[in-house]
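Let's take a walk through this model together, looking at how some of its helices pack and then at one of its pockets. Please bring up the structure and keep the sequence at hand.

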Amino acid sequence: MKGMAEPTAHPEPAARPGHTAQQARTQAAIIAAAIASLAADPKATMGEIARAAGVGRATIHRYFPERADLLKSLVDLALRNASAAHQRARLTEGTAREAVARLCSEYAELGPLQAILMAGALPDEEMDAHPLNAPQNAEVAAVLPRGHADGSLDPTLDEAWFMGTIWAYTTLAFEYMYQPGANRHAVVSEYLRRVDRAIRT
């Protein structure tokens, strides 16, 4: 995308058991094509994704029999990327306000797959059922009482507003970052400033 920096490297999609190195590369190419295609058009078909990946329809269906299977794989990758971002953000260190700033900085580096997630192109039921979803939400929610205790976060802020604020501004940031000609640095700076302003004392 114009104006976008190269995203941080993230975990590869989990290879299926028994896949050869070539099969793993084909699967990774399909995943990459799906991310690019869905970022451009959330309704991209399997045929369009196959063409973007440089494979035939029969090939993509060998790896992902249905579109739902491909979306489920993207949900898994998105949540594993987010889990890695949480680890890098060191949510238990420093003040809660500092932890949120690190978290949002890491979120901003997650790239187009996160933009797809934020745009609602991945199925909510898969997100809700994924084993990483609830622990990740709990990790972020646990920052709030720390912020109340250390005085760095608004004492009137409850969990729903805290989580909703981070989610809403992250969604908006990704929407702006992927607009044609977007100035990524300016968008990220405004994103971090807005989140901080909304949650601090």
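A good place to begin is where R97, V100, A101, C104, S105 and Y107 of α5 meet Y191, L192, V195, D196 and I199 of α11. Sorted by class, the residues of this contact are 8 nonpolar, 1 polar and 2 charged. Do keep in mind as you look that this is a predicted model.

Now step back to the helices themselves. Two packed helices are described by the angle between their axes and the distance between the axes. For α5, which spans residues 96–107, and α11, the angle is about 150 degrees and the axes are 10 Å apart. Angles over 145 degrees count as roughly antiparallel, and α5 and α11 are therefore roughly antiparallel to each other. Their crossing is right-handed.

Stay with α11, residues 184–199, and turn to its packing with α10: here the axes come within 10 Å and cross at roughly 165 degrees. This crossing angle makes α10 roughly antiparallel to α11. α10 passes α11 in a right-handed crossing. On the α10 side you will find F162, T165, I166, Y169, T170, A173, Y176 and M177, and these meet R184, V187, V188, Y191, R194, V195, A198 and I199 of α11. The residues of this contact divide into 12 nonpolar, 2 polar and 2 charged. You may recognise Y191, V195 and I199 of α11, which meet α10 and also take part in the contact with α5.

Next, have a look at α8 and α9, the latter covering residues 143–150. Their axes come within 5 Å and cross at roughly 5 degrees, which makes α8 roughly parallel to α9. Where do the two helices meet? The contact joins E139, V140 and A141 in α8 to V143, L144 and P145 in α9. By class, its residues are 5 nonpolar and 1 charged, with no polar ones.

Both α8 and α10 bring us to our last stop, since each of them supplies at least two residues of the lining of the second largest pocket, as do α4 (67–89), α6 (112–118) and α7 (124–129). This pocket has a volume of about 450 Å³. Which residues lie nearest its centre? They are L117, M127, N133, N137 and W167, out of 20 residues that line the pocket. The lining is made up of 11 nonpolar, 7 polar and 2 charged residues.

Methods:
Residues numbered from 1 in each chain as written. Predicted model: local features only at pLDDT ≥ 70, side-chain atom pairs only at ≥ 80, totals over all residues. Heavy atoms only, no water. 1 Å grid on protein atoms, 1.4 Å probe; cavity = no way out; pocket = protein on both sides within 12 Å on 5 of 7 lines; lining within 4 Å. Points joined across faces, edges and corners; volume = space filled by probe spheres on them. Helix = DSSP H or I, 4+ residues; strand = E, 2+ residues; numbered from the N terminus. Nonpolar A, V, L, I, M, F, W, Y, C, P; charged D, E, K, R; others polar. Axes fitted to C-alpha atoms, helices over the stretch in contact; angles between N-to-C directions. Parallel < 35°, antiparallel > 145°, perpendicular 65-115°, else oblique. Contact = heavy atoms within 4.5 Å. Left-handed = near helix turned anticlockwise from the far one by under 90°.
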